[in-house]
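Please examine the sequence and the structure shown below. The report that follows describes selected parts of the model under short headings.

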There are 2 protein chains.
Amino acid sequence: MSQNQTPLRGRPKKLDRNLILQSALMEYWTKGPSNVSINDICKLTGASKPGVYREFSNDDGLKKSALETYQTLAVQPLLDILYSDKPISETIDAAISFITQDRKSMGVPNGCLLVMMTAQSEQLGSSTLEELNRIRANLFTAYFSWVKRAKLEGELSDLETNETALYLENQHIGAMRMQREGISNETIANVLNFAFKMAFSKKPKLLLN
Amino acid sequence: MSQNQTPLRGRPKKLDRNLILQSALMEYWTKGPSNVSINDICKLTGASKPGVYREFSNDDGLKKSALETYQTLAVQPLLDILYSDKPISETIDAAISFITQDRKSMGVPNGCLLVMMTAQSEQLGSSTLEELNRIRANLFTAYFSWVKRAKLEGELSDLETNETALYLENQHIGAMRMQREGISNETIANVLNFAFKMAFSKKPKLLLN
DNA sequence: AAGAATAAATACCTATAGGTACGATAATGA
DNA sequence: TCATTATCGTACCTATAGGTATTTATTCTT
């Protein structure tokens with residue numbers, strides 16, 4: 001976490017890696033990863049362009065590093081919730097609270113960087129894309145194991161575990177999309193609550209026809 | 001629809017508006033609207049750049065026109081289904097069939113241009129954005145009125161009409177996302193079938209806790 | 001035949017993206 | 001003191017984006 005580990009030799013480093021990383025993450029998150037250039041980051045942080053390239057190799061490297069920061073900041077907490085051993089209904093509530101918490105008061109942009117990057121994946125470099133797929137696979141696995149756990153606890157759904165996980169993933173992505181479009185967190189929470197409880201309903205529902 | 005309506009004066013038009021429109025639409029749809037340049041379209045169709053600009057004014061104009069084509073080609077059929085007066089369950093099936101039909105055999109790309117444009121909306125010009133919002137609003141209204149109709153027919157859900165419509169919109173977008181990511185249409189249909197039937201279930205479901 | 005009107009295409013423009021060459025600078029070790 | 005090591009930042013490079021000035025070609029009207 002600290003700036004330098006080895007008491008090094010040459011000219012002391014002035015470049016603030018952490019500042020750049022934070023700024024880049026916020027910019028990507030707010031404006032979308034494809035709408036932020038290295039030049040923007042330089043202007044924003046006062047860093048020189050070669051400095052940024054020295055530190056992160058290239059655009060792809062910076063995006064990848066920012067994405068890693070995002071993972072620990074915004075994805076890991078959700079994984080922790082999904083992997084908790086609390087009853088399913090509590091897990092649902094915790095997940096919904098986390099997803100729909102007020103971003104503004106936390107100084108964090110609306111929406112989800114994963115979702116944005118996925119939507120613009122054709123514009124990403126290879127290492128960012130790799131990282132993105134890794135994180136998304138982890139998240140999907142978390143949904144999958146959540147569903148499996150629910151089944152062990154007696155919750156059944158009509159769908160295969162895999163398909164239920166896909167369904168849950170859709171709800172999450174949908175929530176992030178709604179949030180980004182300015183829909184109130186209360187509305188989003190209502191929709192999510194409905195959608196999640198559906199997936200974990202105990203018995204086959206009474207269907208039309 | 002025809003090339004020239006008034007038997008006009010000057011040098012006869014060589015530029016094939018329709019070819020450009022079709023090519024542009026397919027390119028946007030396949031690669032994402034931000035990953036296709038006017039130059040690409042020119043190379044693809046053999047048109048000259050000033051020719052394209054004469055016809056569509058600018059990049060924004062071309063994208064807007066392509067989006068209009070998309071609307072009549074891919075959105076209107078869904079609107080027709082949603083506004084049909086068939087029983088809800090039949091409407092559900094029809095919508096799912098339409099959404100998950102095999103694109104390859106129809107010579108049409110996977111995914112949804114509306115969804116892609118929405119995801120990249122910061123990179124769109126004003127008139128394309130306007131058109132996009134118009135079409136999306138129409139689609140949302142269709143979902144909304146579908147839900148209202150279902151309620152008249154005795155189908156109830158826990159959610160307000162507006163929130164149910166948001167939920168349905170999410171399922172549709174989610175389906176398009178899955179399709180674009182290569183998930184089989186059968187799986188998508190299963191997920192959609194589950195999600196839609198949930199929204200239109202007759203009674204409050206048996207919930208956990 | 002002489003405009004008037006329209007479309008053609010080459011060759012250009014500006015802005016900005018990602019990326020780097022290179023000389024200057026600041027520390028350490030001998 | 002002087003090489004060594006490593007970072008600094010100005011000024012540049014190439015590629016490509018959107019967009020256009022200009023000249024030439026082809027038609028209809030008078």
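## Two helices and their lengths

The expected span of a helix is 1.5 Å times one less than its number of residues. The model discussed here is predicted, and two of its helices can be checked against this rule. Helix α7 of chain B, residues 126-152, contains 27 residues. From its first C-alpha to its last, α7(B) reaches 39 Å, close to the 39 Å expected. Just after α7(B) comes Gly154(B), with a positive phi of about 95 degrees.

Helix α1 of chain A covers residues 17-31 and has 15 residues, so a span of 21 Å should result at 1.5 Å a residue. The C-alpha atoms at its ends are indeed 21 Å apart, which agrees. Gly32(A) follows α1(A) and has a positive phi, near 95 degrees.

## What surrounds helix α1 of chain A

Several residues of α1(A) are buried: Ile20(A), Leu21(A), Ser23(A), Ala24(A), Leu25(A), Glu27(A), Tyr28(A) and Trp29(A). The elements that cover these buried residues include α2 (38-45), α3, α4 (59-82), α6 (113-119) and α8 (161-180) of chain A.

Met116(A) offers a view of this region from helix α6 of chain A, in which Met116(A) lies. Is Met116(A) buried or exposed? Its relative accessible area is 9%, and buried means under 20%, so Met116(A) counts as buried. Not counting residues up to four places away in sequence, Met116(A) touches Tyr28(A), Trp29(A), Gly32(A), Pro33(A) and Arg180(A). Of these, Tyr28(A) and Trp29(A) are among the buried residues of α1(A), and Gly32(A) is the glycine that follows this helix. By contrast, Arg9(A) stands 107 residues from Met116(A) along the chain, and their C-alpha atoms are separated by 41 Å.

## The nonpolar core

The largest nonpolar core has 126 residues. Which of them touch the most other members? They are Leu62(A), Tyr70(A), Tyr167(A), Leu62(B) and Tyr167(B).

Leu62(B) serves as an example. Leaving aside neighbours within four places in sequence, Leu62(B) is in contact with Ile20(B), Leu21(B), Ala24(B), Tyr28(B), Ile38(B), Ile41(B), Val52(B) and Phe56(B).

## A buried serine in a loop

Ser84(B) is found in chain B, in the loop between α4 (59-82) and α5 (88-99). With a relative accessible area of 17%, under the 20% limit, Ser84(B) is therefore buried. The side chain of Ser84(B) reaches the backbone nitrogen of Lys86(B) at 3.4 Å. Apart from neighbours within four places in sequence, Ser84(B) is in contact with Thr91(B) and Arg149(B).

## The surface near DNA strand C

There are 23 residues around DNA strand C, and those that come nearest are Lys49(A), Lys14(B), Leu15(B), Pro50(B) and Arg54(B). Two of these nearest residues also appear among the polar contacts. A polar side-chain atom of Lys49(A) lies 2.6 Å from a base oxygen of the strand, while an N or O atom in the side chain of Arg54(B) is 2.4 Å from a phosphate oxygen. A polar backbone atom of Ile38(A) is 3.1 Å from a phosphate oxygen of DNA strand C. Two or more residues of this surface come from each of α2 and α3 of chain A and α3 of chain B; α3(A) gives the most, with three residues.

By class, the surface has eight nonpolar, six polar and nine charged residues. Of the atoms of DNA strand C within 4 Å of the protein, 62% belong to sugar or phosphate and the rest to bases.

## The surface near DNA strand D

DNA strand D likewise has 23 residues around it, of which Lys14(A), Leu15(A), Pro50(A), Lys49(B) and Tyr53(B) come nearest. Where does Leu15(A) meet the strand? A polar backbone atom of Leu15(A) is 2.7 Å from a phosphate oxygen. Another phosphate contact, at 3.4 Å, involves an N or O atom in the side chain of Tyr53(B), and a polar backbone atom of Asp59(B) is 2.9 Å from a phosphate oxygen.

At least two residues of this surface come from each of α3 (49-56) of chain A and α2 (38-45) and α3 (49-56) of chain B. The largest share, three residues, belongs to α3(B). The residues divide into eight nonpolar, six polar and nine charged. Sugar or phosphate accounts for 61% of the atoms of DNA strand D within 4 Å of the protein, and bases for the rest.

Definitions and conventions: Residues numbered from 1 in each chain as written. Chains lettered and ligands numbered in written order. Predicted model: local features only at pLDDT ≥ 70, side-chain atom pairs only at ≥ 80, totals over all residues. Heavy atoms only, no water. Near = heavy atom within 4 Å. Polar contact = N/O pair within 3.5 Å; in protein donor to acceptor, adjacent residues only side chain to side chain. Helix = DSSP H or I, 4+ residues; strand = E, 2+ residues; numbered from the N terminus. Nonpolar A, V, L, I, M, F, W, Y, C, P; charged D, E, K, R; others polar. Core = buried A, V, L, I, M, F, W, Y, C linked by side-chain atoms within 4.5 Å. Buried < 20%, exposed > 50% of the residue type's maximum accessible area, 1.4 Å probe, protein only. Contact = heavy atoms within 4.5 Å.
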